[in-house]
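Subject: Handover of a protein model

Dear colleague,

Please find below the structure that I am handing over to you. I would ask you to keep it open while you read the notes that follow it.

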Amino acid sequence: MATLEIDCPVCGEVLELGAEDRAQLHPGDVIVCDSCSAEMEVTRNGGGEDFELELLGILTECPSCGEEFEVTDELLSAAPVIESADGAAVSLVDCPHCHARIELEFEPEAGEAAGPAR
Ligand SMILES: [Zn+2]
Ligand SMILES: [Zn+2]
């Protein structure tokens, strides 16, 4: 079996799953992105290209109190999106620990090079 490459739905980083890694994964298992710590649940693991993930949430560290918390789709859809100083769209979420407002910036969809490169 070939190595399976998965694009992280959050940061676009390519995660490589070797045949052995994959053989140990079952639906319900969770993969964590090395790059942004997003958690993805395996929903299908058949064979070949038959592999699906569902984004669970993104673990982020509050810059204010240092506690880690999970940013879920739900939290994000409820969060207002504002434009930050450099023109990027950021979501404002509340830290569940200290209630600081935290700006979260997400990369545009893969393949869409929006705006000037950093
Ligand atoms: Zn990632
Ligand atoms: Zn906090």
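Two strands are said to pair if DSSP finds at least two bridges between them. With that in mind, an open sheet of three strands can be followed in the order E7-E8-E9, with antiparallel pairing. Strand E7 (81-83) and E9 stand at the edges with a single partner strand each, so one side of each has no neighbour in the sheet. Direction ignored, neighbouring strands of this sheet are turned by 40° against each other on average.

Please note that this is a predicted model. The protein has an average pLDDT of 84, and 88% of the residues score at least 70. Confidence is highest in strand E2 (residues 14-17), at 92, and lowest in helix H2 (residues 73-78), at a mean of 84. Over residues 109-114, pLDDT stays under 50, and the model has three contacts beyond four places in sequence for this stretch. Where pLDDT is low, the predicted coordinates should not be read in detail.

Overall composition

The protein contains nine strands and two helices. Their pattern along the sequence is β-β-α-β-β-β-β-α-β-β-β. Of the 118 residues in the protein, 7% are buried. Among the contacts with a separation of 6 or more, 29% are accounted for by residues 24 or more positions apart.

Strands E4, E5 and E6

Strand E4 (residues 38-45) pairs with strand E5 (residues 51-61) in the antiparallel sense, over seven bridges. Within this pair, Leu 53 in E5 is the residue that Val 42 stands opposite. The hairpin of E4 and E5 has five residues between the strands, and Gly 48 takes a positive phi near 60° there.

E5 also pairs with strand E6 (residues 68-72), again in the antiparallel sense, over five bridges. Here Ile 58 has Val 71 in E6 as its bridge partner. Six residues lie between E5 and E6 in their hairpin, and Gly 66 in the turn has a positive phi of about 80°.

The nonpolar core

Which residues form the largest nonpolar core? It has six residues, namely Cys 8, Cys 33, Ala 38, Met 40, Leu 53 and Ile 58. E4 and E5 are the elements that give two or more residues to this core. Leu 53 and Ile 58 were both mentioned above, Leu 53 as the residue opposite Val 42 and Ile 58 as the bridge partner of Val 71.

Another member of the core, Cys 8, touches Glu 13, Leu 15, Cys 33, Ser 35, Cys 36 and Ala 38, leaving aside residues up to four places away in sequence. Cys 33 and Ala 38 from that list also belong to the core.

Strands E8 and E9

Returning to the three-stranded sheet, strand E8 (residues 89-94) and strand E9 (residues 101-105) run antiparallel and are joined by five bridges. Two of the partnerships may be looked up in the model: Ser 91 has Leu 104 in E9 as its bridge partner, and Val 90 has Glu 105 in E9. The hairpin of E8 and E9 has six residues between the strands, with His 99 in the turn.

Two residues with a positive phi

Most residues other than glycine have a negative phi. His 99 has a positive phi of about 60° although it is not a glycine. This residue is placed in the loop between E8 and E9. Is His 99 buried or exposed? His 99 has 11 other C-beta atoms within 10 Å, and therefore counts as exposed, as the limit for that class is 12 or fewer.

Ser 37 is likewise not a glycine, and has a positive phi of about 70°. Ser 37 belongs to the loop between strand E3 (30-32) and E4. Ser 37 counts as partly exposed because it has 17 C-beta neighbours inside 10 Å.

A residue of the first strand

Glu 5 is located in strand E1 (residues 4-7). With 9 C-beta neighbours inside 10 Å, Glu 5 is classed as exposed. Not counting residues up to four places away in sequence, Glu 5 touches Val 14 and Glu 16. Glu 5 and Gly 18 are separated by 13 residues in sequence, and their C-alpha atoms are 8.7 Å apart in space.

Yours sincerely,

A colleague

Note on methods: Residues are numbered from 1 along each chain as its sequence is written. Chains are lettered from A and ligands numbered from 1 in the order in which they are written. This is a predicted model: local features need pLDDT of at least 70, side-chain atom pairs count only at pLDDT 80 or more; totals for chains, interfaces and linings use all residues. Helices (H or I, at least four residues) and strands (E, at least two) are DSSP runs, numbered from the N terminus. A residue is buried if 20 or more other C-beta atoms lie within 10 Å of its own, exposed if 12 or fewer, and partly exposed in between; C-beta atoms are placed from the backbone. Two residues are in contact if their C-beta atoms, placed from the backbone, lie within 7 Å. A nonpolar core is a set of buried Ala, Val, Leu, Ile, Met, Phe, Trp, Tyr and Cys residues joined through C-beta atoms within 7 Å. pLDDT is the predictor's confidence in each residue, from 0 to 100. Axes are lines fitted to C-alpha atoms, for helices over the stretch in contact, and angles run from 0 to 180 degrees between N-to-C directions.
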